[in-house]
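Please look over the structure shown here, and use the report that follows as a guide to some of its parts.

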Amino acid sequence: MTYPAHVTIVEVGPRDGFQVEPVFIPTEFKIEVVNAVARAGVAKIETSSFVSPRFVPQLADAAEVFAGLDRRPNTRYTALVPNLKGAERALEAGADGVRLVVTSTETYNRKNVGMSVDESLAVCRRILEWVEGEPMAVEAVIALAFGCPFEGPVGEDRVAELAHRFVDMGVRELSIADSVGLGNPNRVAATMTRLRTELPEIAFSLHLHDTRGLGLANVVAALQVGIDTFDASIGGLGGCPVFPNGAGNIATEDLANLCEEMGISTGIDIEAVQAISGKMQAFLQRQLPSRVLLAGTPGQLYAKIRKESG
Ligand code: COA
Ligand code: ZN
């Protein structure tokens with residue numbers, strides 16, 4: 001089996017994770033988390049979203065978070081945006097890039113952004129035209145790429161159709177999102193193989209939620225078909241404001257540990273990620289789903305045994 005030599009991990013906890021937390025996370029702490037994740041070696045961080053503050057009050061401070069960052073030159077700080085107003089706010093705040101999101105099903109897209117899928121795609125096209133010449137990268141997310149909690153399974157044809165529509169309007173980076181965790185290794189491998197075959201010039205990444213414990217299994221299946229970029233969140237934070245029964249993203253430290261154990265580099269200091277996840281866990285006063293946060297890395301276990309045996 002061949003695996004990529006290097007995997008890029010995109011931290012999405014400060015957006016996907018924070019957005020569903022009912023208790024307001026102070027802006028200073030949000031900034032501390034993003035800075036810590038950047039220092040730990042994560043090269044791209046979805047730092048917040050520029051959405052309606054009425055819809056997601058937790059992220060109403062997105063501009064303040066961007067303004068307070070201790071920016072590192074090789075880290076890209078991005079944001080999710082649902083419309084042109086969000087893109088304008090992101091540019092003004094100094095985001096390096098934005099993610100535009102369209103959901104594969106009409107019901108969910110309407111609940112999420114109040115628009116039909118075609119209307120959302122038209123909005124994305126306008127944003128791509130508007131952003132030309134601006135120092136801000138644009139990528140797109142196809143959400144609910146494997147199934148929808150309102151409409152049922154989503155077929156590969158639908159995902160491929162949306163991918164082609166994004167590519168036709170000029171998108172070159174596409175995130176395929178299993179937003180509520182309905183994918184499995186076979187479907188992930190089949191979908192990603194098809195997309196890479198039909199659109200070889202596009203940089204694909206995967207966004208996986210661990211609702212049924214299949215998150216890392218899906219990662220391995222994707223690695224086997226050549227996918228080398230994955231979203232993850234510290235501690236396994238994450239969820240969905242439209243469907244509260246979902247689970248978090250795969251945890252950044254679990255994904256980095258998986259890669260390390262398989263001989264795949266990530267450039268990430270796992271212990272530094274554990275430290276900030278632990279701090280987040282203490283703030284939220286509940287056990288976060290990350291396995292490595294709970295159990296430690298194998299290296300930490302062996303060091304403990306060596307110390308105890310003396
Ligand atoms: N940032 C801040 N405010 C925004 C905004 C943005 N990107 N887009 C719209 N607004 C404001 C408008 O100015 C308006 O404010 P007002 O009532 O004070 O005049 C209000 O929100 C309603 O605007 P409208 O265009 O009618 O939007 P809507 O009520 O249909 O909501 C979205 C549409 C897209 C703004 C909203 O559904 C949303 O923010 N969704 C994000 C969902 C999300 O984050 N999901 C998780 C990630 S996938
Ligand atoms: Zn998500």
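## A buried threonine in helix 8

In this predicted model, Thr 191 is buried, its relative accessible area being 3%, and the residue sits in helix 8, which covers residues 185-198. When neighbours within four places in sequence are set aside, the residues in contact with Thr 191 are Phe 146, Glu 156 and Val 159.

## Helix 7 against helix 8

Helix 7, made up of residues 156-168, crosses helix 8 at roughly 35°, and the axes of the two helices come within 10 Å. The crossing in which helix 7 passes helix 8 is right-handed. On the side of helix 7 the contact is made by Glu 156, Asp 157, Val 159, Ala 160, Ala 163 and His 164, while helix 8 contributes Ala 190, Thr 191, Arg 194, Leu 195 and Glu 198. Sorted by class, the residues of this contact between helix 7 and helix 8 comprise five nonpolar, two polar and four charged.

Thr 191 is thus named among the helix 8 residues of this contact, and Glu 156 and Val 159, which are listed for helix 7, also appear among the contacts of Thr 191 itself.

## Helix 2 against helix 11

A second helix pair is formed by helix 2 (residues 27-39) and helix 11 (residues 270-284), which pack at an angle of about 160° with their axes 10 Å apart. Because angles over 145 degrees count as roughly antiparallel, helix 2 is described as roughly antiparallel to helix 11. The crossing of helix 2 past helix 11 is left-handed.

From helix 2, the residues Phe 29, Glu 32, Val 33, Ala 36 and Val 37 meet Ile 276, Lys 279, Met 280 and Phe 283 of helix 11. In terms of class, this contact of helix 2 with helix 11 holds seven nonpolar and two charged residues, with no polar ones.

## The zinc site

Which residues coordinate the zinc ion (ligand 2)? Asp 16 does so through OD, and His 207 and His 209 each do so through NE2, at 1.9 to 2.1 Å. Along the sequence, the donor residues of this zinc ion follow the spacing D-x190-H-x1-H.

Both histidine donors can also be described by their accessibility: His 207 is buried, with a relative accessible area of 5%, and His 209 is likewise buried, with a value of 3%. These two residues are classed as buried because their relative accessible areas fall under the 20% cut-off.

Methods
Residues numbered from 1 in each chain as written. Chains lettered and ligands numbered in written order. Predicted model: local features only at pLDDT ≥ 70, side-chain atom pairs only at ≥ 80, totals over all residues. Heavy atoms only, no water. Axes fitted to C-alpha atoms, helices over the stretch in contact; angles between N-to-C directions. Helix = DSSP H or I, 4+ residues; strand = E, 2+ residues; numbered from the N terminus. Parallel < 35°, antiparallel > 145°, perpendicular 65-115°, else oblique. Left-handed = near helix turned anticlockwise from the far one by under 90°. Contact = heavy atoms within 4.5 Å. Nonpolar A, V, L, I, M, F, W, Y, C, P; charged D, E, K, R; others polar. Donors = N, O, S within 2.8 Å, 3.2 Å for Na, K, Ca; no water. Buried < 20%, exposed > 50% of the residue type's maximum accessible area, 1.4 Å probe, protein only.
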